[in-house]
Amino acid sequence: MLTHSNIMYSISTAPDTLLMSPDDEHVCFLPLCHVLERTVSVLHPIAIGSTVNFAESPETVFENIREVSPTVFVAVPRVWEKMHSRISNMEADSTWLGRWAFGRALSAGMARADAELAGRPKSFGVMARHLFWDLVILRNLRRMLGMDRLRRGNTGAVSISPDLLRWFQAIGVRIFEGYGMTESAGIMTLNSAAANRPGTVGRNVPGSEIRIGRDGEIQFRAASCFKGYWRDNEKSADAFTADGWLRTGDAGEIDADGYLTVTGRIKDIIITSGGKNIAPANIEDRLKASPYVSDAIVIGDGRKHIACLIMVDQESVEKFAQDNRLPFSDFASLTQVRQVRNLIGGVVDAVNGDLARAEQIKDFRLIDVLLTAEDEELTATMKLRRSFVEKNHGALVDEMYA
């Protein structure tokens with residue numbers, strides 16, 4: 001139950017966090033039942049007087065973005081990942097000269113982005129090299145994506161790979177990660193151009209408080225916290241601590257400068273049969289940084305080792321199969337192709353190389369169904385529902401642990 005007062009408080013924090021202006025153009029495409037889209041892409045723009053453009057349909061989002069060229073764009077990680085995949089596919093299709101030029105442009109962008117992210121002064125050489133490649137390649141790339149006027153991109157609802165944020169900053173698209181929930185009427189923490197620390201979800205919004213409970217849970221207190229669940233007094237009481245802090249159900253850490261890092265859902269923490277505590281979100285984010293992986297569910301609670309269910313990115317993997325003349329008839333048959341499995345196996349091996357032994361994925365299976373927002377396994381904001389996926393694909397899980 002969100003009150004008018006909750007919403008008005010959330011809107012009141014926007015001038016200090018979202019920095020919108022009446023001249024801004026937005027593209028709204030996520031379901032309005034989700035508090036992120038309703039507040040950030042509709043209510044906040046109404047309050048400031050900026051323009052909201054509604055996508056024609058989920059299938060035309062990328063075309064609509066190019067038509068509008070928004071100055072502010074808020075999306076869930078899967079949308080940003082899809083943009084990255086499309087550019088990767090285009091790069092693979094280009095001539096050797098095009099691939100060489102894009103590689104040099106991206107390298108120049110990375111040098112500039114690394115200096116910005118580290119807070120270091122940018123040398124004349126770095127600036128000059130970036131200016132040249134920005135004029136030749138990167139500016140046109142942003143125009144093609146519809147990001148040529150973008151002043152600020154935001155991402156939320158689920159964690160995103162820091163490597164992906166770095167890649168976007170390298171091409172000149174700055175994305176800031178935030179954190180919130182329906183029960184808080186929207187944003188709780190947010191990075192900004194003035195205070196940005198990739199890998200974290202930023203600092204708490206003005207007028208709010210945030211802390212880490214004894215069990216490692218992120219807890220929040222502000223005028224935006226909801227009044228409870230409709231006709232469910234017991235669940236409403238459980239949503240708050242004895243001293244009135246909202247319990248998020250997420251585990252996290254706050255550094256000395258006040259930046260929050262979300263390490264995953266407390267209920268999702270995996271405890272192996274060997275007693276190792278593993279946060280799956282970090283491993284899943286690393287997998288999803290690959291253009292070939294759309295989503296992943298790491299499993300292993302009460303089992304002797306970690307395994308994973310992976311949903312491949314249809315567009316990227318189909319292109320891989322076509323380029324290598326691998327026969328397939330539909331999405332299910334695509335996931336059965338040996339070379340495709342080897343391709344994803346290479347992604348898993350690369351991720352395992354950066355993980356501790358107990359965290360490493362010992363086996364994986366590809367989900368052979370292309371999930372959409374209409375499926376029970378996927379939320380409206382395109383997040384996999386862990387319990388539904390494990391249940392509906394239990395045969396694959398049993399196969400990995402047979």
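The buried residues of helix α7 are covered by a set of elements that includes α4 (61–68), α5 (77–93), α6 (96–118) and α8 (162–170). This is a predicted model, and α7 is a handy place to start looking around it. The buried residues in question are Val 126, His 130, Trp 133, Asp 134, Leu 138, Leu 141, Arg 142 and Leu 145. Helices have a simple rhythm: with 3.6 residues a turn, residues three or four places apart point the same way. Helix α7 itself covers residues 124–145, and it has a kink of about 60° centred on Asp 134. Asp 134 thus turns up twice, as the centre of the kink and as one of the buried residues. Just after the helix comes Gly 146, with a positive phi near 85°.

Next come the sheets. Strands of a sheet pair through backbone hydrogen bonds, either parallel or antiparallel. One open sheet here has four strands, lined up as β8-β9-β10-β11 with antiparallel pairing. The edges are taken by β8 (209–212) and β11 (260–265); each of these has a single partner strand, so one side of each is left without a neighbour in the sheet. Leaving direction out of it, neighbouring strands in this sheet are turned by 50° against each other on average.

At one edge of this sheet, β8 pairs with β9 (residues 217–221) in the antiparallel sense, over four bridges. One residue pair to look for here is Ile 210 and its bridge partner in β9, Phe 220. At the other edge, β10 (residues 246–254) and β11 run antiparallel and are joined by five bridges. Here Gly 252 has Val 262 of β11 as its bridge partner. The strands β10 and β11 make a hairpin with five residues between them, and in this hairpin Gly 258 takes a positive phi near 90°.

A second open sheet has three strands in the order β14-β15-β16, and its pairing is mixed. Its edge strands are β14 (293–299) and β16 (361–366), and since each has a single partner strand, one side of each is left without a neighbour in the sheet. The average turn between neighbouring strands of this sheet, direction ignored, is 25°. Strand β15 (residues 306–312) runs parallel to β16, and five bridges join the two. Within that pairing, Ala 307 stands opposite Asp 363 of β16.

On the edge strand β14 sits Ser 294, which is buried, with a relative accessible area of 11%. Setting aside residues up to four places away in sequence, Ser 294 touches Arg 78, Glu 81, Lys 288, Met 311, Val 312 and Asp 313.

Some of the loops are worth a stop as well. Asn 191 belongs to the loop between β6 (186–190) and β7 (203–204). Loop or not, Asn 191 is buried, at a relative accessible area of 2%. A polar atom of the Asn 191 side chain lies 3.0 Å from the backbone nitrogen of Arg 197. Apart from neighbours within four places in sequence, the residues in contact with Asn 191 are Phe 176, Glu 177, Asn 196, Arg 197, Thr 200, Val 201, Gly 202 and Tyr 259.

Arg 231 is a loop residue too, placed between β9 and α9 (233–238), but this one counts as exposed, at 73% relative accessibility. Arg 231 is not a glycine, yet has a positive phi of about 55°. Between the C-alpha atoms of Arg 231 and Gln 336 there are 47 Å, with the two residues 105 apart along the chain. Leu 19 is another non-glycine residue with a positive phi, in this case about 50°. Leu 19 is in the loop between α2 (14–17) and β1 (25–28) and is partly exposed, with a relative accessible area of 46%.

Last, the cysteines. A search of the whole structure turns up zero disulfides. For Cys 33, the nearest cysteine sulfur belongs to Cys 28 and is 11 Å away, whereas a disulfide calls for sulfur atoms within 2.5 Å. Cys 33 is exposed, with a relative accessible area of 69%, while Cys 225 is buried at 8%.

How values were computed:
Residues numbered from 1 in each chain as written. Predicted model: local features only at pLDDT ≥ 70, side-chain atom pairs only at ≥ 80, totals over all residues. Heavy atoms only, no water. Pairing = 2+ DSSP bridges. Axes fitted to C-alpha atoms, helices over the stretch in contact; angles between N-to-C directions. Buried < 20%, exposed > 50% of the residue type's maximum accessible area, 1.4 Å probe, protein only. Polar contact = N/O pair within 3.5 Å; in protein donor to acceptor, adjacent residues only side chain to side chain. Contact = heavy atoms within 4.5 Å. Bend = angle between axes of the 7 residues up to and from the residue.
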